[in-house]
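The exercises below ask you to characterise contacts inside and between chains. Each task is followed by a solution that proceeds step by step.

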Amino acid sequence: MEKFRTKVKRRIVISSGMALVALVLGFYSIYSLITLDSSAATHSDSFVAGFQFGLIISIGVLAVIDIIKLSLTINDETKLRVLYNKEHDERLITIRNKAGAPMIIITSVLMIIAAIIAGYFNIIVFYTLVIAVAAQLSVSAMVKLYCMKTM
Amino acid sequence: MKTRIKELRKERKLSQEELALEVGTTRQTITSIEVGKYTASLVLAYKIAHYFGLAIEEVFDFSDVNEF
């Protein structure tokens with residue numbers, strides 16, 4: 001369990017780093033939105049910038065929630081054991097695998113990054129990639145729900 | 001697959017959460033095994049049987065498997 005405790009501590013550090021990066025990027029996005037030349041900027045430019053800002057804020061909020069949750073867990077032996085069991089539970093691992101994890105998550109993150117980059121050149125590609133990510137995550141969530149009910 | 005987990009739990013006045021914590025799984029998995037929705041792996045079956053101080057075949061009913 002000590003090994004897992006170290007792993008959780010490392011996760012807190014990673015989440016703190018992510019929250020910090022999100023904070024810096026968030027401020028930069030706000031600065032960019034304020035200084036955006038509204039006469040020269042197209043609707044798609046501001047839309048992509050807004051999407052990027054929303055994504056950064058979401059990552060920041062999720063990282064902070066993760067830090068709070070893990071900090072509360074690390075000091076409680078029972079909670080730590082429950083978390084360990086949840087992460088190593090064979091049934092949940094099977095369900096996650098059936099739902100496409102971890103490849104769905106990896107491809108979704110890569111597609112979102114690609115969408116943001118592509119959004120500055122072609123808004124159609126941006127919409128296509130975002131819709132594709134939403135579709136694959138929805139299918140994965142549905143499969144997961146179905147497996148949770150039947151397994 | 002039929003099991004005696006529920007019966008053994010009741011005998012020992014043990015909740016699903018407590019058993020799950022002891023054998024390194026989740027309450028939902030214990031529920032699924034008890035109702036026959038999920039078949040435990042050999043390792044988990046061994047852990048459960050070992051916890052109750054019994055052999056695997058005394059906890060899990062393998063008569064369905066023998067039919068094949």
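Domain bounds, as used here, come from an automatic or database domain assignment. The model is a predicted one, in which local features need pLDDT of at least 70 and side-chain atom pairs count only at pLDDT 80 or more, while totals for chains, interfaces and linings use all residues. Residues are numbered from 1 along each chain as its sequence is written, chains are lettered from A and ligands numbered from 1 in the order in which they are written, and side-chain values use heavy atoms, with hydrogens and water left out.

**Exercise 1.** Describe how domain 1 of chain A and domain 2 of chain A meet.

*Solution.* Start with the division of chain A, which places residues 1-88 in domain 1 and residues 89-151 in domain 2; the C-alpha centres of these two domains lie 18 Å apart. Contact (heavy atoms within 4.5 Å) involves eleven residues from domain 1 of chain A and 13 residues from domain 2 of chain A.

Next, take the buried area, which is the accessible area (1.4 Å probe) that two parts lose on being put together, summed over both. For the two domains of chain A it comes to about 1,000 Å², with 69% of it on carbon and sulfur atoms. On the domain 1 side, the residues that lose the most area to domain 2 are A:Phe47, A:Val48 and A:Phe51, which together make up 41% of what that side buries.

Finally, count the polar terms. A salt bridge requires a side-chain nitrogen of Lys or Arg within 4 Å of a carboxyl oxygen of Asp or Glu, and the rule finds zero of them between domain 1 and domain 2 of chain A. A polar contact is a pair of N or O atoms within 3.5 Å, where, within protein, one must be able to donate a hydrogen and the other to accept it, and residues adjacent in sequence count only if both atoms are side-chain atoms; four residue pairs between the two domains of chain A are in polar contact, both residues being at pLDDT 80 or more.

**Exercise 2.** Carry out the analysis for the interface of chain A and chain B.

*Solution.* Chain A brings 13 residues to the contact and chain B brings 15 residues. The two chains bury about 1,100 Å² between them, of which 47% is on carbon and sulfur atoms, and A:Asn85, A:Glu90 and A:Arg91 supply 48% of the area that chain A buries against chain B, more than any other three residues. Turning to the pair counts, the rule finds zero salt bridges across the interface of chain A and chain B, whereas ten residue pairs are in polar contact there, with both residues at pLDDT 80 or more.

**Exercise 3.** Where is B:Ser32 found, and is B:Ser32 buried or exposed?

*Solution.* Helices (H or I, at least four residues) and strands (E, at least two) are DSSP runs, numbered from the N terminus, and B:Ser32 is found in helix α3 of chain B, residues 27-35. Because buried means under 20% relative accessible area (exposed over 50%, partly exposed in between; 1.4 Å probe, protein chains only), B:Ser32 with its 5% is buried. Leaving aside residues up to four places away in sequence, B:Ser32 touches A:Arg91, A:Met151, B:Lys37 and B:Tyr38. With A:Arg91, the contact is also a polar one between side chains, at 3.4 Å.

To widen the view, the buried residues of α3(B) include B:Ser32, B:Ile30 and B:Ile33, and among the elements that cover the buried residues of α3(B) is α4 of chain A. After α3(B) comes B:Gly36, with a positive phi near 85°.
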